[in-house]
Amino acid sequence: MRARKYIKSDMVCPIPGGFLVTIEGIDGSGKTTQAELLARFCSENRLSHVVSKEPTKGKYGQMIRDSALRGRMSVQEEIEVLDKDRREHVKKLIRPALEKEQIVILDRYYFSTAAYQGAHGADAEAILSENESFAPQPDLVIVLDVPPEIGLQRIRDRGDIPNQFESIESLERARSIFNDIKRPYKVTIDARAGIPWVWFWVSKHFQVRALNKISRQLKNVSQHDLSVEDALNRTREFFGEDRLPIVATA
Ligand code: TYD
C-alpha cells in the first residue's frame, strides 16, 4: 500500500493550507458550546485541529477581560490592546497551526472587535480592513444570531453575571454589526433554536466549506505542490465512502 506522506500522527487534516473557522456572536449566543462540539467532531473524525479564543489568556487579553469586569478603557485603547493581543495570537498559534495544515477553531476573532468596539462608535469596516492587513482571513465565519435579551438570560441561567460590555443597547448594536458584515465566507445561524439544531447547521456549513476548499485546491493542484492523486486521496479521507464524517450529537 502506498505511504501517505501527509499523515503525521493518528490525526489527519487533508486540507492544504489548513482551515480557519471562527464562531462569532454576542454574549450568550452559544459560541463556546459550538466551538467545543466542532472540536469533538474533528477529534472523532481524526482531523488535526486546535481550538482557541479571543481575547486570549495572554497579558493583553487579560487586560480586556479586566476592563470588562472593572470599568472600560476608551474605545481607541481597547482597539489597540485587542490588536496587540491578536498579533501575538496570530504569530504564536494561528499561523503556525495553519502552516501545519491544521483546522483552527476560534471562539471570537477580529469580527468581535468590529462588532463590540463598533457598537461604541468605532468604524467597523475600518477595523475589519486593518485586521485583514495582518491576520489570516478565515475560511468560514459563523455568526450565531440571538436577541440580546435571550443572550443575557442564558448568562444569568448559567449563574454568571453579565459584564460591562453587555448592556442590552450595546449588544443590540453589536448584533446588528455582526449581521451587516459582508464577507463571502460569512454565514449566520439563528441561535435561538437550541444547541442540537444550531450544531446541525454549524457542522453542515463546516463540511460544505471544507469540501469546497478541497475542490478549489484540486483545481490549483500545481500551485500547491500536490499531485492530483494526493488531492483525491485527501478528499476521500475527509468525506470518503469508507469513512463518512461522524456527526457528534449535542
Ligand atoms: P468573552 O468571549 O465573553 O470571554 P470570556 O467568556 O472568557 O470572558 O469575551 C469577553 C468580552 O470581551 C466580551 O464581552 C466581548 C469583548 N470583546 C470585545 O469587546 N472585542 C473583541 O475584539 C473581543 C475578542 C472581545
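The following paragraphs describe the predicted model of this protein, from overall confidence to individual backbone features.

The mean pLDDT of the predicted model is 87, with 82% of the residues at 70 or more. Two stretches fall below 50. In the first, residues 1–9, the pLDDT is below 50 and the model contains 3 contacts beyond near neighbours in sequence. In the second, residues 243–250, the pLDDT is likewise below 50, and 15 contacts of this kind are present. Where pLDDT is low, predicted coordinates should not be read in detail.

The protein comprises 9 helices and 5 strands. Along the sequence these elements follow the pattern β-α-β-α-α-β-α-α-β-α-α-β-α-α. Of the 250 residues, 36% are buried. Among contacts between residues at least 6 apart in sequence, 81% link residues that are at least 24 apart.

The strands form an open sheet of 5 members in the order β2-β3-β1-β4-β5, and the pairing is parallel. Strands β2 (49–53) and β5 (186–190) are the edges, each pairing on one side only. On average, and with direction ignored, neighbouring strands are turned by 20° against each other.

Strand β3 (residues 103–107) pairs with β1 (residues 19–25) in the parallel sense, over 5 bridges. In this pairing, Phe-19 is opposite Ile-103 of β3, and Leu-20 is opposite Val-104 of β3. Strands β2 and β3 also run parallel and are joined by 5 bridges. Val-50 has Val-104 of β3 as its bridge partner. Val-104 thus appears in the pairing with Leu-20 and in the pairing with Val-50.

Strand β3 is largely enclosed by the rest of the structure, because 5 of its 5 residues are buried. The burial extends to both faces of the strand: Ile-103, Ile-105 and Asp-107 lie on one side, Val-104 and Leu-106 on the other, and all are buried.

Helices pack on the sheet as well. Helix α3 (residues 75–99) lies across β1, β2 and β3 and runs at about 155° to β2. Helix α7 (residues 168–180) touches β1, β4 (140–145) and β5, and its direction makes about 140° with that of β4.

Helix α3 is not straight throughout: a bend of about 50° is found at Val-90. Its buried residues are Glu-78, Leu-82, Asp-85, Arg-86, His-89, Ile-94, Ala-97 and Leu-98. This set includes the charged residues Glu-78, Asp-85 and Arg-86. The buried residues of α3 pack against the strands β1, β2 and β3 and against the helices α2, α4 and α5 (124–132).

The largest nonpolar core contains 46 residues. Those touching the most other members are Leu-38, Val-104, Ala-115, Ile-142, Leu-144, Ala-174 and Val-202. One of them, Val-104, is also among the buried residues of β3. Helix α8 (residues 195–219) gives the most to this core, with 6 residues. Another of the listed core residues, Ala-115, touches Ala-124, Ala-174, Ile-177 and Phe-178, leaving aside residues up to four places away in sequence.

Three features of the backbone were found in loops. The peptide bond from Glu-54 to Pro-55 is cis, with omega near -5°. Pro-55 belongs to the loop between β2 and α2 (59–70).

The other two features are positive phi values at residues that are not glycine. Glu-101, with a phi of about 65°, is placed in the loop between α3 and β3, just after α3. With 18 other C-beta atoms within 10 Å, Glu-101 is partly exposed, since the buried class requires 20 or more. Arg-108 has a positive phi of about 80° and lies in the loop between β3 and α4 (110–118). Arg-108 has 21 other C-beta atoms within 10 Å and is therefore buried. The loops on either side of β3 thus hold one such residue each, Glu-101 in the loop between α3 and β3 and Arg-108 in the loop between β3 and α4.

Technical notes:
Residues numbered from 1 in each chain as written. Predicted model: local features only at pLDDT ≥ 70, side-chain atom pairs only at ≥ 80, totals over all residues. pLDDT = per-residue confidence, 0-100. Contact = placed C-beta atoms within 7 Å. Pairing = 2+ DSSP bridges. Helix = DSSP H or I, 4+ residues; strand = E, 2+ residues; numbered from the N terminus. Axes fitted to C-alpha atoms, helices over the stretch in contact; angles between N-to-C directions. Buried ≥ 20, exposed ≤ 12 C-beta atoms within 10 Å, placed from the backbone. Core = buried A, V, L, I, M, F, W, Y, C linked by C-beta atoms within 7 Å. Bend = angle between axes of the 7 residues up to and from the residue.
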